[in-house]
Every structure is written in structure tokens, then in C-alpha cells.
Amino acid sequence: MEYRFPDNFWWGTATSATQSEGRIPGDGKGDNIWDYASHHFNERFFQGVTADDTSTFYQHYREDIQRAKDIGLNSFRTSISWSRLIPDGDGEVNPQAVVFYNAVIDELHAQGIEPFINLYHFDMPMALQEKGGFENREVIDAFARYARICYQLFGDRVRYWFTFNEPLIPAEAGYLHPRHYPYVTDFRRAAQVLHHIVLAHCKAVAAWRELGLTGQIGIIMDVIPVYPRSDSAEDLQAAAMADLFYTRSINEPILLGRYPEALVAILREHDQLPEYLAEDCTLIANTRIDLLGINYYRPRRVKARETPLAEPHGFVPERFFEEYIMPGRRMNTSRGIEIYPAALYDIAMVVKERYGNLPWFVSENGIGIQDEEQFMVNGQIQDDYRIAFLKEHLGYLHQAMADGSNCLGYHMWTFIDCWSWQNAYKNRYGFYRLDLATQQRSLKKSGQWFSMVIANNGFQEE
């Protein structure tokens, strides 16, 4: 079977500022919530590795971009660190950050690589978090100001902008299921954060459009298909509820301009609606994106609840469903998540059928493996499992495109092994191995394979 992709298909990788840049003394960067949490809640981070000690892209961006060129990448997604550019989130601009991001963007262009720049990848400036972060409506305007500054500084060379990466996650992981700082469990506060993130996105899009820049503005989201245990009415309802809370709750205001009526009704019934102004709905209805990025790692499988759910912290969506562990599922045991490549096809069809077949691309997809050193042969990681993962996912993506999905590219997570939130360097995702002791980078077998895919604009599978 031969898999060929369209001319000008985006072949790239994705990373984020906090996960790759690191810090050096005197760089002018302000703290964000990860700098703070990785020090003050250090026990939550694998082996205690802090956000100071990420993969030194700040010092090595030039050589790293050369490595991107070496394997043929034509596009490269990263983010701007809000707290690097504006250390207190809403005050003076850090001139060293301007020099750095200009240099990164210019170097990408010099190597023939299109920069895809995201504004927010989970990294609230700590000075603004102390004022409530996205719980505080004033932070919406601070974000819009930050976005406008970025467009003015870099918009002459950046054609593809994204407001947020996975906008549900700061609300869900920070305020409902406490995996991210501030480690809160309170649905109504989570709903407030999510609503303000939607408004921040809308105002950042408006700022971009007001400046009349060349290019496209979009967002990076999850569109995770939910699979019920069975076709029973109870399981189908459970799946519908999981989809409503964890997918439609964010995708529909962003992509369709409104919150789902069913969600609003449930939140009103349980007194969980966030505070909002009448003009919020108008702003949401009038905001449209040009380009959608979709991150996909795992499916969501659910069943009807079989036992009542204890809710010691109050209302949670899981009162309407519970996880279904499907017999025989394929697992990535390093992360404890299911591997299900066919879902990428299903996601593509959701975008086509539910969201108007928006132009989109795979903005993250990857497999993180612990203790990859065990696969080292003659100095190279022989990550055949990552090659197999890529082949399967690209195969389903190719089929979706043949069936009319308007997909423009594929970005793998990630380029160089990077720091992953609480997991730090536990699981490795990169095409390049990072030696933590020396910061040396070395190309894995999967990176060589991906380079051949790019050179041939596709691959053959026996």
C-alpha cells in the first residue's frame, strides 16, 4: 500500500516554550505557574525536575533549528512564553525575549521552515495567577494585550497563529481534576475559567483581525471521539454526556459560536453556571477561526455508571458516566493510555460533519515511552514502536483525507525529548534523544524514518 500526501503538506513537530526553553540567569523571564509549582510542589514532579531544567532551546535554538532542517521539517510549532515576553503578564516587555523570539523566527525562515506560533500553552504568568488567573475577568484583557503585542512584534513573519493549546486543560486540570497548579477541585470555578478562556480567545482573534495581518488565526484543540461500551440506551447516554462535558463544552463555542443548550441546561439545574455578561454570547457568536489544530493521543471509552459516585468536592461530570476498560485494548504502558489509531479517522469525520469541514491539521500526535535507553543500539535509539505508531496513524489520516477531510498537515509531538508537565522527563517523545547530563541531541531511528517520509511526501507499507 502506498500512502501519498498532497503537495505542500505540512510535515512538522510541536513543542512549547515552557517544555523546551529552560532558563538562564539574567534572561529577564518572569515566573509562570510551572516555574512556581515545580519548585513549591516539587514532589508532584517526576524525579523533581523543575521547569528551569528543560531542553535548553533558549541557548541552542540555532543548532536545533538546523536539526529540524536536517530531517526535512517544513513547519515547526512552538509557543511564546507570556511570562518571558511580559514578565508580570501585563506590564513592560522584556527586550531580551523580543531578541530571542525574533531570532528564532528569523532562523526558521532562513532554514525554509514555516513557524507556527501558539500564544498560550498552559503557562499563566505567576503575577497574574496571584490575581486569580483566568478566574479573574481582568486577565482576559491582559491576554488580549499580550496577543496584540506578539502580533505587532512578530506578525510580519509569522503567518500561522494559535491563541491556545487545548483550552479545556487549564480549566479541567487546574480547577476540576487537580493535576496542574493551582490544584483546585471545584466545578463552578473550572467553568468560570473555561468561559474566560473562550472570551480571551475571541478577543485575541479580534486583535489579530484588527491589525490586518497576512496569514491565518486559529486554535489548537482536542476533538476526542467518545466510544460507548455498547449500543444500549444507557451507555449511549453516558457517551453523550462525556462528549458534552469534555469535548462539546469547548469546541462548540469556539467552532460553532455557541455553548451547547444541553450543557447550559444541566449547569443551570445544578447551579454550576459561571458568571457571564450578555455581550459575551455576542462576542462568541461573532468569532470565527481560519485554521484548526487537533491534538490526539487516546480515545475516551465510557459506560453508564454502575455505582453512585462520591462527590466530596461537589458536582463533577463523572456522575453521568464512568470509564470503560475495554477488554483486549492496546496500551502504552508507560503512560497508561490506550493506543487506538482508528480514532484519528473518526476525529477527521467529526470535523468534516460537525464543524463544517474546517481546514485543519494534526497539531500533536505521539507516543511517550519510559526508559528508552533500553532500545539503544550503537548509540542510537531503535524506536521501531514509534515508527509503527506513525505508520498506523498516518494511514488512517490518509484514508480520512481520501474521504474528504480537509487536513493540511501532520505535526508529531515532539522534536527533541522535552519536559512534560508533571512527568518531567519520565516518558520520551522526541525524534531526537536528549541526554539530560550533557544536553547532547542524537537522532533516533524514528527521526530517520520521518525524514524519508517527508522526502517522499509519503511512505509505502507492505
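**Burial, salt bridges, cysteines and a pocket in a predicted model**

User: Why is C202 called buried?

Analyst: In this predicted model, C202 has a relative accessible area of 1%; because buried means under 20%, the residue counts as buried.

User: How do you know that C202 and C281 are not joined in a disulfide?

Analyst: The sulfur of C202 lies 10 Å from that of C281, the closest cysteine sulfur, whereas a disulfide needs the two sulfur atoms within 2.5 Å, so the distance is too far for a bond. C281, seen from its own side, is likewise in no disulfide, its nearest cysteine sulfur being that of C202. For the structure as a whole, the number of disulfides is zero.

User: What makes C281 buried, partly exposed or exposed?

Analyst: C281 has a relative accessibility of 44%, and since the partly exposed class lies between under 20% and over 50%, C281 counts as partly exposed.

User: What makes R441 and D64 a salt bridge?

Analyst: The closest N and O atoms of R441 and D64 are 2.8 Å apart, and because the cut-off is 4 Å between a side-chain nitrogen of Lys or Arg and a carboxyl oxygen of Asp or Glu, the pair qualifies as a salt bridge. This pair links distant parts of the chain, with R441 in strand β20 and D64 in helix α3, 377 residues apart.

User: How do you know whether R441 and D64 are buried or exposed?

Analyst: R441 has a relative accessible area of 10% and D64 one of 1%; set against the limit of under 20%, R441 is therefore buried, and so is D64.

User: What can be said of R159 and E114 by the same tests?

Analyst: The N to O distance between the side chains of R159 and E114 is 2.7 Å, which against the 4 Å cut-off makes the pair a salt bridge. R159, in the loop between α7 and β5, and E114, in strand β4, are 45 residues apart. Their burial is to be judged separately: at 39%, R159 is partly exposed, whereas E114, at 14%, is buried.

User: What makes E372 and K444 a pair that ties parts of the chain together?

Analyst: E372 forms a salt bridge with K444, the closest N and O atoms being 2.6 Å apart. E372 lies in the loop between β14 and β15 and K444 in the loop between β20 and α15, so the pair ties together parts that are 72 residues apart in sequence. E372 is buried, at 3%, and K444 is buried too, at 0%. Both residues also belong to a network of salt bridges that includes D383, R386, D417 and R428. The whole structure holds 40 salt bridges.

User: Which residues have the most contacts inside the largest nonpolar core?

Analyst: They are W82, F134, W161 and L397, in a core of 143 residues. Helix α9 gives the most to this core, with 14 residues. Leaving aside residues up to four places away in sequence, F134 touches, among others, W82, Y120, F143, F164 and H196. A second, separate core of seven residues includes W10, F162, I220 and L291.

User: Which element gives the most to the lining of the largest pocket?

Analyst: Helix α10 does, with four residues, in a lining of 45 residues of which I169, R179, R298, R335 and I337 lie nearest the centre. The space in this pocket is about 1,400 Å³.

Terms used
Residues numbered from 1 in each chain as written. Predicted model: local features only at pLDDT ≥ 70, side-chain atom pairs only at ≥ 80, totals over all residues. Heavy atoms only, no water. Core = buried A, V, L, I, M, F, W, Y, C linked by side-chain atoms within 4.5 Å. Buried < 20%, exposed > 50% of the residue type's maximum accessible area, 1.4 Å probe, protein only. Helix = DSSP H or I, 4+ residues; strand = E, 2+ residues; numbered from the N terminus. Contact = heavy atoms within 4.5 Å. 1 Å grid on protein atoms, 1.4 Å probe; cavity = no way out; pocket = protein on both sides within 12 Å on 5 of 7 lines; lining within 4 Å. Points joined across faces, edges and corners; volume = space filled by probe spheres on them.
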